[in-house]
Amino acid sequence: MKQALWFLCKPALTMLGTLAAVYGGLLVLTALFGYNSLFGTYLVGYGMVFYITAAVCAAQATGSYCHLALGFGVTRRTLQRAVVLYCLVLCGVTQIFNAVVGAVTQHLLLVWDKQQVMYLLSGQPLYGLGLMLLFCGAMLWGGTVDFSTASIPKRVLLIVGMILLYGQMAVFMLINQFLGDGIFRAYCAVLAVLGLGFTALAAHRLRHLAVNQA
């Protein structure tokens, strides 16, 4: 179980660590060229890179690494448990990275107010956790779908679903700006529940996982 979980987590942790190192490089370039430079602009929205990268890593976990783990002798039942824990670990670690990066950016640039979406994602990581769970859970499920053999209507539905998934970032921002705090918290909770639901579906589909995709 631990080995399977580490096998899934290692590529994602490597990517997140690389992004953190790149952020450090951006800090140096921003200090050299000024906070109003292009590098300073990148710093403001850098937290979103963690979200997108984590979602891609989630899709790769069920789309590729689970097949490899099965070929190495890991059982499907073990993979099912590992994928659920993987989702929680990936979301938690991503939010930690995001919170640290957000705190450093806010301290240096003082660019956010409490209504901006980047503040909510980085400055208030519990709000962003629901969105992160939705991204990772949906992409874990998406990784179990064989897009190449899907019918045209199914492909269209998957593409539309992907657009709606990432469109939740805009909904996230709009609800915070125009509706009350209670509704916003309820929305974040709904996102978290949906994300966990997608994760459960992904784990369920692993019961029929093949050793390879050929």
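Let me begin with one term: two residues are in contact when heavy atoms of theirs lie within 4.5 Å. Keep that in mind. Take the contacts in this chain between residues at least 6 apart in sequence: 79% of them join residues at least 24 apart.

Now, what are we looking at? This is a predicted model. The chain has 214 residues, and 41% of them are buried. There are eight helices and zero strands. Walk along the sequence and you read α-α-α-α-α-α-α-α. As for the outside, the accessible surface comes to about 11,100 Å². Carbon and sulfur atoms hold 71% of that surface.

How far does the confidence go? The mean pLDDT of the chain is 80. A value of 70 or more is reached by 87% of the residues. Which helix comes out lowest, and which highest? Helix α5, residues 117-123, is lowest, with a mean of 52. Helix α8, residues 181-205, is highest, at 87. Please also mark residues 112-117 on your copy. Over that stretch pLDDT stays under 50. The model still has 17 contacts there beyond four places in sequence.

Next, two residues to find on the screen. Start with Thr94, in helix α4. Is Thr94 buried or exposed? Its relative accessible area is 0%, so Thr94 counts as buried. What does Thr94 touch, leaving out residues up to four places away in sequence? The answer is Leu16, Phe50, Tyr51, Ala54 and Met132. Look at Phe50 in that list. Thr94 and Phe50 are 44 residues apart in sequence. In space, C-alpha to C-alpha, they are 6.4 Å apart.

Now compare Phe39. It lies in helix α2, residues 38-44. Phe39 is partly exposed, with a relative accessible area of 24%. The cut-off for buried is under 20%, so a residue at this value does not count as buried. Set aside its neighbours within four places in sequence. Then Phe39 is in contact with Leu26, Leu29, Thr30 and Phe33. Phe39 and Leu27 are twelve residues apart in sequence, and their C-alpha atoms are 7.9 Å apart.

On to the cysteines. How many disulfides does the structure hold? Zero. Cys57 is in no disulfide, and the nearest cysteine sulfur, on Cys136, is 8.7 Å away. Cys136 is in no disulfide either. For Cys136, the nearest cysteine sulfur is that of Cys91, at 3.8 Å. Why does that pair not count? A disulfide needs sulfur atoms within 2.5 Å, so 3.8 Å does not qualify. Both Cys57 and Cys136 are buried: Cys57 has 5% relative accessibility, and Cys136 has a relative accessible area of 1%.

Last stop, the surface. Met1, Val84, Leu85, Leu88 and Leu196 form a nonpolar patch. Together they have about 390 Å² of accessible area. Which helix gives the most to the patch? Helix α4, residues 76-109, with three residues. Pick out Leu88, which is found in helix α4. Leu88 is partly exposed, at a relative accessible area of 44%. Patch members need over 30%, so Leu88 passes that cut-off. Helix α4 also holds Thr94, and Thr94 is buried. Turn the model and find both.

Conventions
Residues are numbered from 1 along each chain as its sequence is written. This is a predicted model: local features need pLDDT of at least 70, side-chain atom pairs count only at pLDDT 80 or more; totals for chains, interfaces and linings use all residues. Side-chain values use heavy atoms; hydrogens and water are left out. Helices (H or I, at least four residues) and strands (E, at least two) are DSSP runs, numbered from the N terminus. Buried means under 20% relative accessible area, exposed over 50%, partly exposed in between (1.4 Å probe, protein chains only). Accessible areas come from the Shrake-Rupley method with a 1.4 Å probe; for residues, only the protein chains shown count as cover. Patches are made of residues with over 30% relative accessible area and no salt bridge: like charges are joined within 9 Å, nonpolar side chains (Val, Leu, Ile, Met, Phe, Trp, Tyr) within 5 Å. A salt bridge is a side-chain nitrogen of Lys or Arg within 4 Å of a carboxyl oxygen of Asp or Glu. pLDDT is the predictor's confidence in each residue, from 0 to 100.
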